[in-house]
Amino acid sequence: MAQIRFDVLTLFPEMFHGFLSTSIIRKAHEKGLIETNVTNFRQFATDKHQTVDDTPYGGGGGMVLKPQPLFDAVDHLLQDAVKRPPILLMSPQGAPFTQKKAEELAGHSHLMFLCGHYEGFDERIRQNLVTEEISVGDFVLTGGELPAMVIIDSVSRLIPGVLGNHDSAAMDSFSNGLLEYPHYTRPSEFRGMEVPDILLSGHHANMEKWRREQSLKRTWTRRPDLLKSAPLTEEDRKFLRMLEQRKRSE
Ligand code: 4G0
């Protein structure tokens with residue numbers, strides 16, 4: 001049995017084909033670590049035109065996604081399920097998706113994603129089917145498919161065995177609450193651009209100190225909001241105070 005199963009409900013299943021057949025996600029499937037099932041909920045429409053939307057009560061423009069095809073699709077997918085998974089609605093009005101949320105979702109054995117291309121979802125879908133409404137950022141897309149792929153990708157890489165030891169999830173940005181330090185590889189000089197001397201010194205403690213300070217400096221410059229919740233040592237705080245002083249005196 002896979003570590004985690006992703007069920008996706010969408011009107012555009014083809015959008016997932018490239019994603020699911022590529023690189024790390026494909027390998028995770030081949031290793032049996034993750035399982036993804038993409039369903040076109042149009043197949044649960046009951047009329048001969050396979051209608052999934054209708055005009056809104058109260059008038060006004062646009063179309064609203066009918067509740068019946070989605071409720072029936074979820075019932076069908078969960079008929080043999082022992083417990084109900086989180087049912088996530090991809091929406092710009094949702095709670096912000098974060099690394100912390102990815103870690104929480106990675107603790108489940110089953111997740112279900114509802115993707116729409118509609119301004120309007122019948123409110124009963126939200127209130128009685130969906131357990132969480134999630135947004136991947138403050139922007140609007142033509143549909144919830146890309147956000148669902150974003151979440152599936154970020155959750156999958158947290159499943160043990162999906163990433164090689166090499167790029168393990170414990171190593172990256174956010175795992176220590178800070179942005180990453182700059183990386184360099186050979187050559188030590190390229191078109192006149194040099195690698196910082198300290199990284200060529202071989203002095204392990206100095207290199208670690210430099211990396212920590214670069215992380216702190218980058219976070220301070222680009223994402224000062226992250227410093228409020230990052231675990232910082234007294235030495236980190238001292239370095240940040242120095243950056244503040246230096247800024248005030250320039
Ligand atoms: C408008 C998610 C658009 C409303 C979905 C869905 C961006 C995001 C869409 C809905 C999306 C995001 C109420 C389901 C589809 N665009 N930022 N487009 N509802 O995560």
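Reader: Which residues are closest to the ligand?
Author: This is a predicted model, so let's read the pocket as the model draws it. In it, 19 residues surround the ligand. The closest are Arg126, Val136, Gly137, Phe139 and Leu141.

Reader: What distance separates a nitrogen atom of the ligand from a polar backbone atom of Gly137?
Author: Several polar atoms of the protein face ligand nitrogen. A polar side-chain atom of Ser135 sits 3.3 Å from a nitrogen atom of the ligand, and a backbone N or O atom of Phe139 lies 3.1 Å from a ligand nitrogen atom. For the polar backbone atom of Gly137, the distance to a nitrogen atom of the ligand is 2.9 Å.

Reader: How much of the ligand's exposed area does the protein bury?
Author: Start with the ligand by itself, after the contacts from Ser135. Taken alone, the ligand exposes 470 Å². Of that area, the protein buries 98%.

Reader: Which strand gives the largest share of the shell around the ligand?
Author: By class, the shell has 10 nonpolar, seven polar and two charged residues. Five residues of the shell come from one strand, residues 87–96, and that is the largest share. The strand is E5.

Reader: What residue does Ile87 stand opposite in E6?
Author: E5 and E6 pair in the parallel sense, over three bridges. Strands of a sheet pair through backbone hydrogen bonds, either parallel or antiparallel. Opposite Ile87, in E6, stands Met112.

Reader: And on the E1 side, which residue has Met112 as its bridge partner in E6?
Author: Strand E1 covers residues 4–10 and pairs with E6 in the parallel sense. That pairing runs over five bridges. The residue whose bridge partner in E6 is Met112 is Asp7.

Reader: How many residues of strand E6 are buried?
Author: In a regular strand the side chains alternate between the two faces of the sheet. Check both faces of E6, then: His110, Met112 and Leu114 are buried on one side, and Leu111 and Phe113 are buried on the other. For strand E6, residues 110–114, the buried count is five of five.

Reader: Which strands stand at the edges of the open sheet E3-E4-E7?
Author: Three strands form this sheet, in the order E3-E4-E7, with mixed pairing. Two of them have a single partner strand each, so one side of each is left without a neighbour in the sheet. Those edge strands are E3 (53–54) and E7 (120–121).

Reader: Which residue in E7 does Leu65 stand opposite?
Author: Strand E4, residues 64–65, pairs with E7 in the parallel sense. The pairing has two bridges. Opposite Leu65 in E7 is Phe121.

Reader: Is Ser156 buried or exposed?
Author: Ser156 lies in helix H6, residues 145–156. Leaving aside neighbours within four places in sequence, Ser156 is in contact with Phe6, Ile25, Ile34 and Val162. Its relative accessible area is 0%, under the 20% cut-off, so Ser156 is buried.

Reader: Ser23 and Arg191 both have positive phi; which of the words buried, partly exposed or exposed fits Arg191?
Author: Ser23, in helix H2 (residues 23–30), has phi near 45° and is partly exposed, with a relative accessible area of 42%. Arg191 sits in the loop between E9 and strand E10 (193–194), with phi near 50°. Its relative accessible area is 75%, over the 50% cut-off, so Arg191 is exposed.

Reader: What is omega for the peptide bond from Arg186 to Pro187?
Author: Pro187 is in the loop between H6 and strand E9 (189–190). The bond from Arg186 to Pro187 is cis, with omega near 5°.

Definitions and conventions
Residues are numbered from 1 along each chain as its sequence is written. This is a predicted model: local features need pLDDT of at least 70, side-chain atom pairs count only at pLDDT 80 or more; totals for chains, interfaces and linings use all residues. Side-chain values use heavy atoms; hydrogens and water are left out. A residue is near a molecule or strand if one of its heavy atoms lies within 4 Å of it. A polar contact is a pair of N or O atoms within 3.5 Å; within protein, one must be able to donate a hydrogen and the other to accept it, and residues adjacent in sequence count only if both atoms are side-chain atoms. Accessible areas come from the Shrake-Rupley method with a 1.4 Å probe; for residues, only the protein chains shown count as cover. Helices (H or I, at least four residues) and strands (E, at least two) are DSSP runs, numbered from the N terminus. Ala, Val, Leu, Ile, Met, Phe, Trp, Tyr, Cys and Pro count as nonpolar, Asp, Glu, Lys and Arg as charged, and the others, Gly among them, as polar. Two strands pair if DSSP finds at least two bridges between them. Buried means under 20% relative accessible area, exposed over 50%, partly exposed in between (1.4 Å probe, protein chains only). Contact means heavy atoms within 4.5 Å.
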